[in-house]
Amino acid sequence: MNIEELHNRVESGIASVKTIEDLKGFKLVLLGRKGLFAEYLDGLKSLNKEERKDFGREINSLKSETEGRLKGLEDHFAEEERKREQERSWIDITMPGKIPLTGRKHPITQTFDEIIRIFSSLGFSVAEGPEVETEHYNFEALNIPKDHPARDMQDTFYIEPGIVLRTHTSPMQIRVMESQLPPVRVIVPGAVYRCDHDVSHTPMFHQVEGLLVDKGVRFSDLKGILTVFIHEMFGPDTPVRFRPSYFPFTEPSAEIDIGCVICAGDGCRLCKETGWLEILGSGMVHPQVLRGVGYDPEEVSGFAFGMGVERIAMLRFGIDDIRQFYYHDTRFLSQF
Ligand code: PHE
């Protein structure tokens, strides 16, 4: 029995193992049921008792030594595979992340927020009211008589006789005053509706109404508060102009213009060559309106104002078509 030969075959076999597959094959050749060691152990049968003992010991010790070495190789290949896997799944944590698309506030909402922020800082509270209104609150209580042109079917959406979509936020002047005694200092943001549609009109748009009623409120208070508002909204150097106007529910009334944000007063298409842009309607609350809600015009006085939010947003952001606000085009909206 040539143990030397077995030794050599183990050595040369192990030396030729390069991969885990080689190892598996070689393991079978050596240690399988019909492998080399089995063959040698089988060969012991033909030996006498003495020889069998000596060879048996030698073969078995070589066998367990070989098993140990093969196990070592197996561990080595497993470790190499683990390293390769680690490299495959390596993550570069220094790569810039993907920025998720997030929503943002609509420019109209942003403008509302800014208007509300400014008036809150001046002590105004915020109220909201119904968009479906009675003719009484939308017109009569505001001193707009039945035959007034503002009631024209072309301007007002009627829901049913006597019920309209509010054409302005002014009906909330009445609702607020009916629900509390002076002093009143409130703004009312909300949607309003008029039957109109072109580059500067949408059938639904937004207003912010303002109302301040107290003892001894004068036109100079209106001018002061609204000048502060405009300078906060459009910058401290913005020119402001109060221009006499008419609203049935205020007397006297004024429209307020700011110096054109495009041409700075030189005259352009936006300001129709006047150098001024109208942004607000305002006036001293009409005594008739005060009486209507049970206030005594001899005791208290006040001013009211209303502004178009889309108009203010267009001027702030330089947008020239009001309909852009309602196309829901994210390429447009994501700019603000
Ligand atoms: N309600 C008026 C409008 O929609 C604006 C306004 C409000 C004017 C308050 C004066 C006082 O045109």
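## Terms and model

Ala, Val, Leu, Ile, Met, Phe, Trp, Tyr, Cys and Pro count here as nonpolar, Asp, Glu, Lys and Arg as charged, and the others, Gly among them, as polar. By that scheme, the shell around the ligand holds four nonpolar, eight polar and two charged residues.

This is a predicted model, in which local features need pLDDT of at least 70 and side-chain atom pairs count only at pLDDT 80 or more, while totals for chains, interfaces and linings use all residues. Residues are numbered from 1 along each chain as its sequence is written, and side-chain values use heavy atoms, with hydrogens and water left out.

## Around the ligand

Let's start with the ligand, which has 14 residues around it; a residue is near a molecule if one of its heavy atoms lies within 4 Å of it. H168, S170, R194, Q207 and E209 are the closest.

Three side chains offer polar contacts, meaning pairs of N or O atoms within 3.5 Å. An N or O atom in the side chain of S170 lies 2.9 Å from a nitrogen atom of the ligand. For R194, a side-chain N or O atom is 2.9 Å from an oxygen atom of the ligand, and for Q207 a side-chain N or O atom is also 2.9 Å from a ligand oxygen. The protein buries 89% of the 320 Å² that the ligand exposes when taken alone, with accessible areas taken from the Shrake-Rupley method with a 1.4 Å probe.

Where does the shell come from in the fold? At least two residues each are supplied by β6 (204-214), β9 (276-285) and β10 (301-308), and β10 gives the largest share, three residues. Strands are DSSP runs of E with at least two residues, and helices are runs of H or I with at least four, numbered from the N terminus.

## The sheet

An open, mixed sheet of seven strands runs in the order β1-β5-β6-β10-β9-β8-β7; two strands pair if DSSP finds at least two bridges between them. Its edges are β1 (125-126) and β7 (240-247), each pairing on one side only.

Inside the sheet, β6 and β10 are antiparallel over eight bridges, with E209 partnered by G306 of β10. Antiparallel β9 and β10 share five bridges, and S282 has F305 of β10 as its partner. Eight bridges link β8 (residues 250-259) to β9, again antiparallel, and S253 is partnered by G283 of β9.

## Helices on the sheet

Helix α7 (residues 171-179) packs on the sheet and touches β5 (184-193), β6 and β10, where contact means heavy atoms within 4.5 Å. The direction of α7 makes about 40° with that of β6; axes are lines fitted to C-alpha atoms, for helices over the stretch in contact, and angles run from 0 to 180 degrees between N-to-C directions. Helix α8 (residues 219-234) lies across β7, β8, β9 and β10, at about 150° to β9.

Note on methods. A polar contact is a pair of N or O atoms within 3.5 Å; within protein, one must be able to donate a hydrogen and the other to accept it, and residues adjacent in sequence count only if both atoms are side-chain atoms.
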